[in-house]
Amino acid sequence: MPIYGLRFRALGQTSYYSGPAGLKPGEHVLIEAEQGHALAVIVSGPAHPLSDQEEPLPQILRLASPEDVRRGEANEQLSREAQAFCRQCIRQRDLDMKLVDVEVFFDRSKLIFYFTAPSRIDFRDLVKDLVREYRARIELRQIGVRHETQMVGAVGNCGMVCCCRRYLRKFAPVTIRMAKEQNLFLNPAKISGICGRLLCCLSYEQENYDHFHKNCPRLGKKYQTDKGAMKVLRANMFRNSLAVLTEANEELELTLEEWQALSPHRPESVQNPQNPPRQAPKPQIGDGLLVVSAAPDNLEQLDMMDELFPQEEPDSQRGQENGGEGAGFGHGHDAANGDAGGGQGDPGKPRRKRRRKPHSRPE
């Protein structure tokens, strides 16, 4: 079966499916997705399948009918209305969160609200408002700033649409070490993307840089070679060469093959012990992003998710818990006398008194 390129959104990523012959670019089709049926538009194809293709591609169910196209347009309109309603609820409840996008399932059985937030916030009341308004299953999913740029889209420093919007499926880890090894100017405005994180394209050529630096000597160090002592000045990955300074203060450019042929070695490498290998950093468990889902028949379960949201106690309640006459003055502890706070009836843990060390007297 021929292969077609499909898109679910304008300027979105292209996914490839196999389908019947006779389909043309610009036509709408239905495919099987995690949320049931989904509407997509053909942007490329038909193309012949690859001979070395290992895994079979998902298949197109059928050509979309005019009724399916109208339902898809109605879902897009519902998504825009849901965004406006959700932003209004966020402003009314003064929540520190930013709504990014709303995804509506084809059968309207579920709505997913994607948002960003600097920390965890209690948005259970917001979920209840959305469930009462749309009478469907509501899911609030917290995403990072990179995924926000991937969903919204933007133009990068290169003048092209961001890679994450066009074709990137997964985000590769990018570190500042990559920028240093590529001899880039460490200006945050130059090496950061629209999302404020390091550019994803820094990892594209990192494998070549790792291979080059693995065979390259350390810069600024002196080596003993068959032609005398030489100091490594610069390295050029694109030319696969080194710039060295000889004992006669003559600068030479050698390729890595010519450098290895000189049998270089450090003079102090035999005396100094090898440095112990660095321990790899422990991977973080989870990303701290929340995903909460609720339906009209299980709204009461949101009240039992206290462990997922930050708990803040008012100052008046904290003062009452400390008991005694000092309840109106914060915690009610007497720092001068070392009092446990509030006298008798204090439910808090008593403060441990310090023992004064006796002064040593001369005999």
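In the predicted model, Tyr223 is buried, with a relative accessible area of 10%, a value that falls under the 20% limit set for burial. The ring of Tyr223 pairs with that of Trp259 in an edge-to-face arrangement, the centres being 5.7 Å apart and the planes 85° from each other. Because Tyr223 belongs to strand S9 (residues 222–225) and Trp259 to helix H8 (residues 256–261), this pair ties together parts of the chain that are 36 residues apart in sequence. Trp259 likewise counts as buried, at 2% relative accessibility. The ring of Tyr223 has a further partner in Arg266, whose charged end sits over that ring at 5.7 Å from its centre. Tyr223 thus takes part both in an aromatic pair with Trp259 and in a contact between ring and charge with Arg266.

A search of the whole structure for aromatic pairs returns three. Another of these joins Phe115 and Phe123, which are also arranged edge-to-face, with 5.4 Å from centre to centre and 70° between the planes. Both Phe115 and Phe123 are buried.

Turning to the chain as a whole, nine helices and 13 strands are assigned, and 35% of the 363 residues count as buried. Among the contacts with a separation of 6 or more, 56% are made by residues 24 or more positions apart.

The packing of helices was examined for H1 (residues 66–93) and H2 (residues 124–134), whose axes lie 10 Å apart and make an angle of about 140°. The crossing of H1 and H2 is right-handed. On the side of H1, the contact is made by Leu78, Glu81, Ala82, Phe85, Cys86, Cys89, Ile90 and Arg93, and these meet Asp125, Leu126, Asp129, Leu130, Glu133 and Tyr134 of H2. By residue class, the contact of H1 with H2 comprises nine nonpolar and five charged residues, with no polar ones. The spacing of such residues can be read against helix geometry: an α-helix has 3.6 residues a turn, so residues three or four places apart point the same way.

Helix H3 (residues 145–152) contributes Arg146, Glu148, Thr149, Gln150 and Met151 as its buried residues. The elements covering these buried residues of H3 include strand S6 (98–104), strand S7 (110–116) and helix H4 (163–166). Just after H3, the backbone at Gly153 takes a positive phi of about 85°.

Positive phi values also occur at residues that are not glycine. Most residues other than glycine have a negative phi. Asn240 departs from this pattern, with a positive phi of about 55° although it is not a glycine, and is located in the loop that connects strand S10 (228–236) with strand S11 (241–245). Asn249, again not a glycine, has a positive phi of about 55° and is placed in the loop between S11 and strand S12 (251–255). As to solvent accessibility, Asn240 counts as partly exposed at 28% relative accessibility, whereas Asn249 counts as exposed at 64%.

How values were computed: Residues are numbered from 1 along each chain as its sequence is written. This is a predicted model: local features need pLDDT of at least 70, side-chain atom pairs count only at pLDDT 80 or more; totals for chains, interfaces and linings use all residues. Side-chain values use heavy atoms; hydrogens and water are left out. Axes are lines fitted to C-alpha atoms, for helices over the stretch in contact, and angles run from 0 to 180 degrees between N-to-C directions. Helices (H or I, at least four residues) and strands (E, at least two) are DSSP runs, numbered from the N terminus. A crossing is left-handed if the near helix is turned anticlockwise from the far one by less than a right angle, and right-handed if clockwise. Contact means heavy atoms within 4.5 Å. Ala, Val, Leu, Ile, Met, Phe, Trp, Tyr, Cys and Pro count as nonpolar, Asp, Glu, Lys and Arg as charged, and the others, Gly among them, as polar. Rings of Phe, Tyr and Trp (its six-membered ring) pair if their centres lie within 6.5 Å; planes under 30 degrees apart count as stacked, over 60 as edge-to-face and the rest as tilted. Buried means under 20% relative accessible area, exposed over 50%, partly exposed in between (1.4 Å probe, protein chains only). A charge sits over a ring if NZ of Lys or CZ of Arg is within 6 Å of the ring centre and within 35 degrees of the ring normal.
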